[in-house]
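The following exercises are to be worked with the structure in view. Each task is followed by a solution in steps.

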Amino acid sequence: MLKIHPIPAFSDNYIWTLIDASEERACVVDPGDATPVIDYLTANNLALTDILITHHHPDHTGGIAELTQRYSPAVYGPMNERIQGITQRLQEGQRIEVFGLDFSVIEVPGHTLDHIAYFSDSNTTPILFCGDTLFAAGCGRLFEGTPETMLASLEKLAALPAATQVYCTHEYTLANLRFASAVEPDNQDLLVRVQTEQAKRNADKPTLPSNLTLEFATNPFMRCATPSIKAAAEQYAGHAVDTKVEVFAAVRRWKDNF
Ligand SMILES: [Zn+2]
């Protein structure tokens with residue numbers, strides 16, 4: 001049975017670590033910092049064989065050089081040539097295998113233009129490494145893409161099985177839930193989620209992974225077709241918003257200023 005462990009990094013990143021069944025080999029996702037990864041691998045007698053990169057931001061790529069020098073892993077990542085140290089560049093629909101799990105590559109531009117996600121349904125429950133695209137109760141800021149591109153990317157992820165476990169890179173959940181509660185104060189699922197996620201943080205546990213079912217129920221950015229979200233977006237914008245993209249754009253702008 002494969003284990004997935006979060007290595008905390010910086011103030012709120014998780015470097016997700018897949019450990020193979022023999023507990024001898026590991027694969028890390030978005031190692032922004034090599035030091036906590038080396039510490040964890042050393043403490044657990046693990047060899048690093050694979051690195052998965054989702055996008056070019058330094059807090060996702062900063063550890064590649066040092067980890068490569070030490071372990072010589074395969075390094076998978078986006079086509080973006082600006083990211084140094086990628087040994088296999090990937091695009092939409094390509095598949096890779098890690099510890100017997102078959103991952104397909106999904107291009108999800110929006111947060112950055114080069115952003116990709118890794119999805120596998122060969123595990124008991126399907127898993128998704130989505131970097132800074134989908135967060136628990138939120139989504140990444142639009143640094144490079146437009147609301148159209150980001151919404152299309154989120155809709156690609158929404159088409160995955162509802163049971164999919166969502167491994168995002170940042171522990172932003174409580175702040176995202178505060179915003180989501182401002183958008184939808186009467187959403188009962190959201191009220192429950194605030195309690196359960198707060199309890200995890202009080203116990204010093206990660207709120208992640210999330211899952212798509214929970215996101216459909218509580219994430220305003222996954223609910224742009226919901227009347228309550230549309231009404232809240234119109235109230236924030238001060239005028240009627242007609243399309244899902246306009247709803248998404250208004251809610252994203254609102255979050256940026258929240
Ligand atoms: Zn980022």
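**Exercise 1: Two packed helices**

The axes of H8 and H9 cross at roughly 60° and come within 9 Å of each other. Axes here are lines fitted to C-alpha atoms, for helices over the stretch in contact, and angles run from 0 to 180 degrees between N-to-C directions. The model is a predicted one: local features need pLDDT of at least 70, side-chain atom pairs count only at pLDDT 80 or more, and totals for chains, interfaces and linings use all residues. Residues are numbered from 1 along each chain as its sequence is written.

*Task.* Classify the angle between H8 and H9, and state which residues meet.

*Solution.*

Step 1. Angles under 35 degrees count as roughly parallel, over 145 as roughly antiparallel, 65 to 115 as roughly perpendicular and the rest as oblique. H8 is therefore oblique to H9.

Step 2. Two residues are in contact if their C-beta atoms, placed from the backbone, lie within 7 Å. On the H8 side the residues are Ile229, Lys230, Ala233, Tyr236 and Ala237, and they meet Val247, Ala250, Val251 and Trp254 of H9.

**Exercise 2: The length and surroundings of H9**

*Task.* Compare the span of H9 with the expected value, then find what its buried residues pack against.

*Solution.*

Step 1. Helices (H or I, at least four residues) and strands (E, at least two) are DSSP runs, numbered from the N terminus. The expected span of a helix is 1.5 Å times one less than its number of residues.

Step 2. H9 has 13 residues and should therefore span 18 Å; its end C-alpha atoms are 18 Å apart, in agreement.

Step 3. A residue is buried if 20 or more other C-beta atoms lie within 10 Å of its own, exposed if 12 or fewer, and partly exposed in between, with C-beta atoms placed from the backbone. The buried residues of H9 include Val247, Phe248 and Lys255.

Step 4. These buried residues pack against helix H4 (147-158), helix H5 (173-183) and H8.

**Exercise 3: A sheet and its helices**

*Task.* In the sheet with the order S1-S2-S3-S4-S5-S6, identify the edge strands and the helices that pack on the strands.

*Solution.*

Step 1. Two strands pair if DSSP finds at least two bridges between them. This open sheet has six strands with mixed pairing. Strand S1 (3-9) and strand S6 (88-89) are the edges: each has a single partner strand, so one side of each lacks a neighbour in the sheet.

Step 2. Helix H1 (residues 34-43) packs on the sheet and touches S1, strand S2 (13-19), strand S3 (25-29) and S4, its direction making about 135° with that of S1.

Step 3. Strands S4 (residues 47-52) and S5 (residues 74-77) pair in the parallel sense over three bridges, and leucine 52 stands opposite tyrosine 76 in S5. Helix H3 (residues 64-71) lies across S4 and S5, at about 145° to S4.

**Exercise 4: Two aspartates with positive phi**

*Task.* Locate aspartate 30 and aspartate 204, and decide whether each is buried or exposed.

*Solution.*

Step 1. Aspartate 30, in the loop between S3 and H1, has phi near 55°, a positive value in a residue other than glycine. Aspartate 30 has 27 other C-beta atoms within 10 Å and is therefore buried.

Step 2. Aspartate 204, in the loop between H6 and S14, has a positive phi of about 60° although it is not a glycine. With 6 other C-beta atoms within 10 Å, aspartate 204 is exposed.
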